[in-house]
Structures are given as structure tokens and as C-alpha cells.
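Work through the exercises below with the sequence and the structure open. Each task is followed by a solution in steps.

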There are 2 protein chains.
Amino acid sequence: MKCRRCSELAQVRLPSHHTGFCASCFETYFLRQVERGIHEHKQFSKEDRLLLAVSGGKDSLGLLLALSKLEYDVTALHIDLGIPVSSQSARSTVEAYCAAHSIKLHVLETTEKGLPIPEVKKRVNRPICSVCGKIKRHWFNRFAYENGYNVLATGHNLDDEVARLFANTLRWDQAYLAGQGPVSPAEGRFVRKVKPLCRLTEYETAVWCFLNGIEHVLAACPYSAGASFTGHKKLLADLEERSPGMKMQFYEHFLQRGKPAFQAIRAEAPPLNECARCGYPSSMEVCGVCRIKEQLEA
Amino acid sequence: MKCRRCSELAQVRLPSHHTGFCASCFETYFLRQVERGIHEHKQFSKEDRLLLAVSGGKDSLGLLLALSKLEYDVTALHIDLGIPVSSQSARSTVEAYCAAHSIKLHVLETTEKGLPIPEVKKRVNRPICSVCGKIKRHWFNRFAYENGYNVLATGHNLDDEVARLFANTLRWDQAYLAGQGPVSPAEGRFVRKVKPLCRLTEYETAVWCFLNGIEHVLAACPYSAGASFTGHKKLLADLEERSPGMKMQFYEHFLQRGKPAFQAIRAEAPPLNECARCGYPSSMEVCGVCRIKEQLEA
């Protein structure tokens, strides 16, 4: 197979696009797909102050490199969860990467915020991944809001988005279907959330990291039994193999034709409260994160 | 495993219901599920004059037996498509079955209506299955309307419905998602369409036919490359195996939470025309079936 752009020998095969690229043209392709996702969905512009949530995995570090190359005003935020060994390793990976590439980095420790994850795991009788996710989302948003970043980006890729959409669709969850997508608009103390990798698969992001020599964290979190939606991702990979391009089509058509239907019937949903403790948006009187803190303090 | 109802040895295992039944209690279960589907979705009552489209396959013959046992006022309609060997075999299967069970049967020949399917296949440059389906749906409805049947039933089972829903969802087809379900209300010359097997899987219907000694047509149509949605059905079977009950949940939640969203945004869709040739509803000036006839007459 020849590279579609330069006709040299292709090194990366992309069946969903019925094509392949050499390493250098794949770089161009990847950056153009990031740009296209950003522009098509009006995610942000060069004028926005962007905070990127960086775990140390391939998606967030790969996106950090792409946004730097594309010359966006991006700052990294890493949350140190205080999990023995794994958190130290993730943190030092991110610190080394940002130092080597002269990228601004903030590190926030959940332990300092009264939420060491090992302690949360011991005390809260719910799946730790969903609790930890809630805490991270709260602090990513809060840090952005309190420090003047108007856009919060995450490294969710097309496979993440499609697997989540599939799970939401199996349940026909109206609220989640009305809200899912590459952009969640700012509202009160919620800053705008964006997903610049929404047009790129896990495989493409992995290739991007490999070709750019990015050393990212490989080990899974010791508290998680595996990545989320593993079963759905396998099923969707089978579907993609049968019908290349299906994942992207499912996602794009949802954004064009599915989401608007759910947004329309959710239009009169009540607005969010402000949490009585922290002041951040919540559907309850006290937000989920403050309730976890209350459990730990009790 | 023991039968859930009578504690005898179970002969039919139903993982999606976390249970199993002996042959006799499976009979009770099957009929109750048919009744439940009919009542929950207000499909029809004992007062309605019901026409059942009967191909000779397990679903339509199995449903014919169930509706007779449940003492609904049901008449069978078989459409003879005029396909050599296969149509004769299907017709004689249906005729023998209805004669043996004293069930009223009408047979309509598409050849008499100017639409012999082998000729249609030669002259119409589109996939024959979709064209043939269009012709059958037209004549099932038209026969019901012209002969005073106010409800038209088909043997679509839960697997058919879920595979179709999955296909419609992958494309987020708003019109199809607004219209799919076990009941399509009457509108103009469209009689009410119903699917009494909507709570029963292909497997359950096959077991029902086997236990009742129903001799149904096994051979696939020689013009079709295989049953529709084969790939989707396999994928959904994998999902069901991972999460028993998921197919039913996907379908039921769609009816409760998904379909209303699409119906709401489709509310202002223009009403159907009457076909200038046959007078039956159509989105075009001349309906699809009359256009096929025009092609054959040309």
C-alpha cells in the first residue's frame, strides 16, 4: 500500500478512511483531524486559555503534544491521586514530559484537598472508579474556573466517545444523550469542556505517540479492574471491522440527528443548584464530592 | 435446572429471564408473553378483526397458532410471490397448516396483481429483497383495508425488532426511530399494524413451534443472500450473552424514552399523499409499488 499523500510506502493503514499514510504524512493527517474536530464543533480558538487534564496516558500526552504543535495556548493540569506507586509514576512521567517540552504544568494533590483516594476507597462503599472520576472532574473544573482558564480539554478519543454513546443508547438515557458530545458549554461555575481527539481512534492516538517517541504511562490503575466499556469496545471493533467507518458515522449522525431530539425534550429540565458547601453546580443541595468529604470527615 | 413453575425437570433454559421451564409450563409462559405484549402496547382486543401475514416460516405459523389458542378473531393471508419451487412450497405448507387447524386463509398472488417477483427481479435494478418487501407490505395492508380487517399483524419477534432498532440507531434515522415499535396506528388507508411476538425471541418461537409440532418452511428464499440484519443479530447475541436481558431492555427503554423524543421532533412532518394511481398513502405523487408496476409495463 502506498501513502495517499506522497505515494511513498505506507506505514500506517487506516481502513476506516480506506487509506494509509507514511509516518510523515500520518503526522499531517493526525494534526488535521485534531484541527477539524476543534473547528467543526467550535470547541475553542487560539484566543482561549486552555487547561488540559493530563493523566500521563497516551491520549492526554498525545493531545498535549498536538495542541502545542498547533500553537494553542495550553497548560497541563495533572491530578495526583495519592495512590501508592502508580500515582508517583504517573506524576513523574507527566513532569518529565512537560519539562522536556517546556509546557506549563500544574499539579494538584487530592490529599491536600482532603480526598486521598486510598482513604476514599476504604470509606466509600461504591465502585471506586466512578467516585474517583467524580472527584477528578470536580477538581479539573474547579481549578480551571478558579485560575482563569475558560476551556477544559480532556483526551477522550473517538473510541471512548462511541463506547459511552453505545452504553447511553442501550439504556436510552435521555439526560446523558442530551449532554454527550465533544463540547459541553459553560454554565455558571462549569467552564466549557471539550474533546479535541473526538475524530481520532485509540489506535491512531497510539500510533501518534509511538511515532513521536512519547513515553507515557502503560500500567493500568491498581484500583481499576480494567478500562471502562471494555466489552462494548470489543463489540464496536467487530462492527467497525465489518463496516469500516461505522464508528465515526454512528457518532457524527448522533450529533446531527440524535442529540437534538433529546436536547429538545430536555429543554425544560430544572437548572442546577449551587452546592451549599463548595458553591459548584450540583443537582442536589450538597454536591457529590462534598458528600464524599463529609463521609471521610465523619 | 428445575422448572420455575412446577419444579419438574426444566427442558427450556431462558437465561434472559434467569429461569427455565418444562415443556408444558413453557407453553403457558409463551402464551402469557404474547398476551402481555398485546396488552402492554394496546395492540388489539378480542373485538378486532385481525389479519395475520403468514409466510410459512416459524414466526408467522407459530404466531398463528398462539393467536388461535388465545381465541382472537384471526384470519391468515399468504402472499404467493410466484418464485419457482420456493413459493409453491411455502404456499402448500401454509395451506396444509390452515386446513389442519381449521383457520381461515386467503391467498393473494402477486402475479395476478401484475407483479410476478421473478419478473420484478429481472427488470428493477435494486436489491430484490427491499423491492419484494415493499410489494408485500403494500398488498398486506391493501387486502386488510379492502376486506374489512382493521388490524394487520406480522410475526416479527424481539430479535427482528432489536436488530432493526440497532440498524436505525446506528444511522440515527429520525423518521424510522419515530415510527418503530410494536404498534403503528391506523392513518388514512393504512390499517393498524401490530407485532404480537415483540416480547419473544427467535429461539423461544422456534422452541414453541418444535413443541407444538408445527411443520414450517425451513429453506431461505432463493433470491435472498440470507436473513436480514444477520451481522447485527450476531453482535446483539454476543451482547445478550454478556448481559442477559439486554435485548429486551434496549427495546423497552427505547419505547419508553427514545421513541418519544423522535416523535416530538417529527410532529410537524408533512402528512402522506394519496398515490395518484392506487390511492394508498405515499410520500411521493405515485407510490413505490405503482412505480414498480410502471417499470414493468414500460
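The exercises treat a predicted model, starting with a sheet and ending with the contact between two chains.

**Exercise 1. Determine the strand order of the six-stranded open sheet in chain B, and find its edge strands.**

Step 1. Going across the sheet, the order is E5-E4-E3-E6-E8-E7 in chain B, and the pairing is mixed.
Step 2. An edge strand pairs on one side only; in chain B this holds for strand E5 (105-109) and strand E7 (183-184).

**Exercise 2. Describe how strands E3 and E4 of chain B pair, and which helices pack there.**

Step 1. Strand E3 covers residues 50-53 of chain B and strand E4 covers residues 74-80; four bridges link them in the parallel sense.
Step 2. To fix the register, take B:Ala53, whose opposite residue in E4(B) is B:Leu77.
Step 3. Helix H2 of chain B, residues 58-69, lies across E3 and E4, and its direction is at about 155 degrees to E3(B).
Step 4. Helix H3 of chain B, residues 86-100, also packs on the sheet, where E4 and E5 are the strands touched. The angle between H3(B) and E4(B) is about 165 degrees.

**Exercise 3. Trace the connection from E4 to E5 in chain B and give its handedness.**

Step 1. E4(B) and E5(B) are parallel partners, joined over five bridges.
Step 2. Within this pair, B:Asp80 has B:Glu109 of E5(B) opposite.
Step 3. Between the two strands the chain passes through H3(B), giving a β-α-β crossover that is right-handed.

**Exercise 4. Repeat the analysis for E4 and E5 of chain A.**

Step 1. Strand E4 (residues 74-80) and strand E5 (residues 105-109) of chain A run parallel, with five bridges between them.
Step 2. A pair that sets the register is A:Ala76 with A:Leu105, the latter in E5(A).
Step 3. With helix H3 (residues 86-100) of chain A, E4(A) and E5(A) form a β-α-β unit, and that unit is right-handed.

**Exercise 5. Find the operation that lays chain A on chain B, and name the symmetry.**

Step 1. A turn of 180 degrees with a shift of 0.0 Å along the axis superposes chain A on chain B, with an RMSD of 0.0 Å.
Step 2. This relation is therefore that of a two-fold axis.
Step 3. Of the C-alpha atoms in chain A, that of A:Ala261 is nearest the axis, at 2.7 Å.

**Exercise 6. State which elements and residue classes make up the side of chain A that touches chain B.**

Step 1. The contact involves 21 residues of chain A and 21 residues of chain B.
Step 2. In chain A, helix H6 (158-171), helix H9 (230-242) and H10 each give at least two residues to this side. The largest share, eleven residues, belongs to H10(A).
Step 3. Sorted by class, the side of chain A has twelve nonpolar, five polar and four charged residues.
Step 4. The copies meet through the same surface, because 100% of the interface residues of chain A are also interface residues in chain B.

**Exercise 7. Characterise the packing of H10(A) against H10(B).**

Step 1. Two packed helices are described by the angle between their axes and the distance between the axes.
Step 2. Helix H10 spans residues 246-265 in chain A and in chain B; the two axes come within 9 Å and cross at roughly 90 degrees.
Step 3. Angles of 65 to 115 degrees count as roughly perpendicular, so H10(A) and H10(B) are roughly perpendicular to each other.
Step 4. On H10(A) the contact residues are A:Pro260, A:Ala261, A:Phe262, A:Ala264 and A:Ile265; on H10(B) they are B:Pro260, B:Ala261, B:Phe262, B:Ala264 and B:Ile265.
Step 5. By class, this helix contact has ten nonpolar, no polar and no charged residues.

Conventions: Residues numbered from 1 in each chain as written. Chains lettered and ligands numbered in written order. Predicted model: local features only at pLDDT ≥ 70, side-chain atom pairs only at ≥ 80, totals over all residues. Pairing = 2+ DSSP bridges. Contact = placed C-beta atoms within 7 Å. Axes fitted to C-alpha atoms, helices over the stretch in contact; angles between N-to-C directions. Parallel < 35°, antiparallel > 145°, perpendicular 65-115°, else oblique. Nonpolar A, V, L, I, M, F, W, Y, C, P; charged D, E, K, R; others polar. Least-squares fit on C-alpha atoms with pLDDT ≥ 70 in both. Right-handed = clockwise from strand over helix to strand, strands pointing away.
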